[in-house]
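Visitor: Good morning. Could we go through this structure together, one topic at a time?

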Amino acid sequence: MSEAATTQIAVPVPPKELERIPLVQNNRSFGWISDRVSAVTEGKTPKWWWAAFIPSVTLLGLLGAMLFYQITTGVGVWGNQHPTMWGWDIINFVWWIGIGHAGTLISAILFLLRQRWRTAVNRAAEAMTIFAVMCAGIYPAMHVGRVWFDWWLFPIPTYQGVWPQFRSPLMWDVFAVSTYFTVSVLFWYVGLVPDLATMRDRAKTRIKQFVYGLFALGWTGSNRNWSNYEKAYLILAGLSTPLVLSVHSIVSLDFAVSQLPGWHTTIFPPYFVAGAVFSGFGMVLTLLIPLRSMCHLEDIITMRHIDVMCKVTLATGCIVSYAYLMEFIIAWYSGSAMERFHFMNRALGPMWWGWFWMMFCNMIIPQLFWFKKVRQNLVFVFILSIFVNIGMWFERFVIVVVGLYREFLPSSWDYYKPTWVDICTYLGTFGLFFTMFLLFMRFLPMIAVSEVKGVTAQADPHHPAARGNGGKH
Amino acid sequence: MSTAARAYGVIAEFDNTADVLHAAEKVRDAGFRKWDVYMPFPIHGMDKAMGLKNSKVGWFSFIGGVTGYTTGMLMIWWMNAVDYPIVVGGKPMFSPYGAFPPSYELTILFGAFGALFGMLFLNRLPRLHHPLLKHKRFALATHDKFFVVIETADPKYSETETRKLLEAAGSTRIEMVEE
């Protein structure tokens with residue numbers, strides 16, 4: 001039926017107001033989608049890739065040097081000092097793990113909600129999750145001081161016969177974060193299998209054929225396999241949804257289960273999860289806006305995708321703003337002098353600037369996303385997404401440092417300052433993150449090829465476009 | 001077709017989703033058992049067109065989840081209340097509330113492993129070799145073409161009749177695949 005490709009078929013046109021913007025623009029064919037996405041991994045490495053990769057690897061080296069210095073010298077090289085015993089280490093842990101949450105939200109929750117636009121961004125967002133959790137994981141592992149005893153965190157028998165203490169939320173966190181990392185990797189890998197088969201079948205060299213073929217597990221695209229595959233994918237999405245909600249809830253319990261004013265509050269779990277999704281979408285936008293034009297993926301990651309992600313950022317930004325204001329009301333209503341003092345100190349104390357940046361970046365700046373003109377302007381969206389990342393860092397700064405530096409006993413009060421090691425370690429985690437991400441996009445399909453094919457009009461056998469073997473090549 | 005190699009089956013190529021879906025319905029109605037449809041992405045309604053039953057992956061995941069929750073609860077109870085009890089803040093040695101978060105995470109972890117390994121087991125993956133992967137047109141099954149393959153091992157298979165059926169279904173190209 002190859003003539004069908006050239007003949008125009010009469011398609012009943014729906015009324016203008018009911019027309020949906022197609023997810024893949026310009027009526028692209030199935031083959032075009034695999035060609036365009038694979039092109040990022042094939043051919044000569046572009047110059048901009050090297051221009052991004054070399055600084056990233058340098059920063060990764062800096063991370064290695066900082067961790068070596070910290071391990072061989074001790075946690076004293078960080079700015080953590082009584083009473084602020086949690087400093088940049090825990091701020092950055094929560095910040096990175098929060099960024100990870102958008103990936104799981106896109107891949108799992110939006111899948112269950114049948115938001116088909118997710119297919120264009122889920123692969124890159126899931127990769128972002130995995131790399132962000134890797135960066136996050138460094139901090140709790142390192143801040144214990146004697147990292148060679150980290151295995152005591154896991155229920156492994158030691159010579160003393162003591163077991164981990166499961167009444168502590170810090171132990172819950174170990175289970176939450178390690179499960180989160182493992183399940184995110186599984187979910188990502190299961191999604192990759194059909195695309196790895198595409199890469200295997202396109203590969204020109206023996207080495208590529210072998211490596212992609214090995215990881216594609218012998219996938220043939222048989223419908224008997226797809227049937228089990230789709231069920232497994234649905235179940236993984238169903239499991240990841242309560243997982244992602246629980247992980248940041250448990251991270252928030254690290255704070256909320258303690259007795260400190262500003263931390264001991266029941267609003268924390270939902271507020272942390274909303275903040276995590278907010279920051280994660282900020283990072284997805286920061287990554288994908290440059291990538292879609294560098295890799296010429298404008299027809300797959302369309303302006304509609306950017307628009308929808310801006311709206312999610314706005315919605316979650318409003319939830320966190322509500323939580324910020326509600327915390328003040330709770331403090332006032334509680335009648336507790338300590339709570340009231342903490343919140344007055346948060347807004348008006350010596351570290352007022354932390355609170356100011358948090359409110360400015362997370363509450364005021366996202367309000368610009370109400371305007372369609374802003375959501376359609378990529379430069380504007382990119383800048384705003386960076387503000388979101390900064391704002392969410394300050395939120396964790398306010399919670400961790402401002403929550404600690406003026407404790408119950410005024411004689412213990414002290415100002416907190418990070419050291420150069422804190423700053424360089426943080427910069428180093430960016431090196432790890434971007435090195436991993438750049439390697440990912442160069443060697444693996446950064447768009448879920450098979451899923452994007454599945455959401456085009458011609459993929460639906462009952463759609464008139466299906467007959468046309470449609471699309472431009 | 002070479003005479004030395006045994007035939008694995010007949011492979012019929014289709015250009016679009018509508019044609020392959022209707023072809024699958026015809027093959028199903030003809031009563032074939034050992035056959036499959038190969039495609040770059042799952043086509044909605046193909047399970048019904050092939051007459052497949054609901055996938056059993058859910059059971060593997062369910063068993064994984066139950067195992068995870070039980071493991072978590074029993075592990076924490078045994079470690080903190082039996083093997084080495086330590087009083088912390090006057091709290092009970094074992095409480096299902098404190099033990100819940102890690103057990104919840106283990107439920108998800110084991111459930112996810114159940115889904116993954118259940119899927120691989122049911123699909124008989126990983127496998128290093130498949131007769132179809134040697135076929136030169138078959139690489140397009142992960143690109144933009146759709147294939148119906150009927151194995152010669154099927155009791156209803158007949159070299160002429162099966163080919164006719166696939167031709168009638170609108171295949172653009174029908175070939176034999178070697179073992």
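Guide: Certainly; the model is a predicted one, and we can take the chain contact, two helices and a single residue in turn.

Visitor: How many residues of each chain are in contact?
Guide: The contact involves 63 residues of chain B and 59 residues of chain A.

Visitor: Which elements of chain B supply that side?
Guide: At least two residues each come from helix 1 (17–29), strand 2 (35–38), helix 2 (46–50), helix 3 (57–83), helix 4 (96–122) and helix 5 (131–134) of chain B. Helix 4 of chain B gives the most, with 16 residues.

Visitor: And how do the residues on that side of chain B divide by class?
Guide: There are 37 nonpolar, 17 polar and nine charged residues on the side of chain B that touches chain A.

Visitor: At what angle do helix 7 of chain A and helix 3 of chain B pack?
Guide: Helix 7 of chain A (residues 223–256) and helix 3 of chain B pack at about 35°, and their axes are 9 Å apart. The crossing is right-handed.

Visitor: Which residues make the contact there?
Guide: Helix 7 of chain A contributes Asn228(A), Lys231(A), Ala232(A) and Ile235(A), while helix 3 of chain B contributes Val57(B), Gly58(B) and Ser61(B). By class, this contact has three nonpolar, three polar and one charged residues.

Visitor: Changing topic: which residues of helix 6 of chain B are buried?
Guide: In helix 6 of chain B, which covers residues 159–168, the buried residues are Thr162(B), Leu165(B) and Leu166(B). Viewed down the helix axis, these buried residues fall within an arc of 95°, so they line one face of helix 6 of chain B.

Visitor: Is there a general reason for such spacing?
Guide: An α-helix has 3.6 residues a turn, so residues three or four places apart point the same way.

Visitor: What do the buried residues of helix 6 of chain B pack against?
Guide: They pack against strand 1 (7–14), helix 1, strand 3 (146–151) and strand 4 (173–178) of chain B. The face of helix 6 of chain B turned away from the buried side carries the exposed residues Thr160(B), Lys164(B), Glu167(B) and Ala168(B).

Visitor: What follows helix 6 of chain B?
Guide: Gly170(B) follows helix 6 of chain B, and the phi of Gly170(B) is positive, near 100°.

Visitor: One last residue: where is Pro269(A)?
Guide: Pro269(A) lies in helix 8 of chain A (residues 268–294).

Visitor: Why does Pro269(A) count as partly exposed?
Guide: Pro269(A) counts as partly exposed because it has 18 C-beta neighbours inside 10 Å, whereas a buried residue needs 20 or more.

Visitor: Which residues does Pro269(A) touch, beyond those up to four places away in sequence?
Guide: Pro269(A) touches Ser249(A) and Ser252(A).

Definitions and conventions: Residues numbered from 1 in each chain as written. Chains lettered and ligands numbered in written order. Predicted model: local features only at pLDDT ≥ 70, side-chain atom pairs only at ≥ 80, totals over all residues. Helix = DSSP H or I, 4+ residues; strand = E, 2+ residues; numbered from the N terminus. Buried ≥ 20, exposed ≤ 12 C-beta atoms within 10 Å, placed from the backbone. Contact = placed C-beta atoms within 7 Å. Nonpolar A, V, L, I, M, F, W, Y, C, P; charged D, E, K, R; others polar. Arc of directions from axis to C-beta. Axes fitted to C-alpha atoms, helices over the stretch in contact; angles between N-to-C directions. Left-handed = near helix turned anticlockwise from the far one by under 90°.
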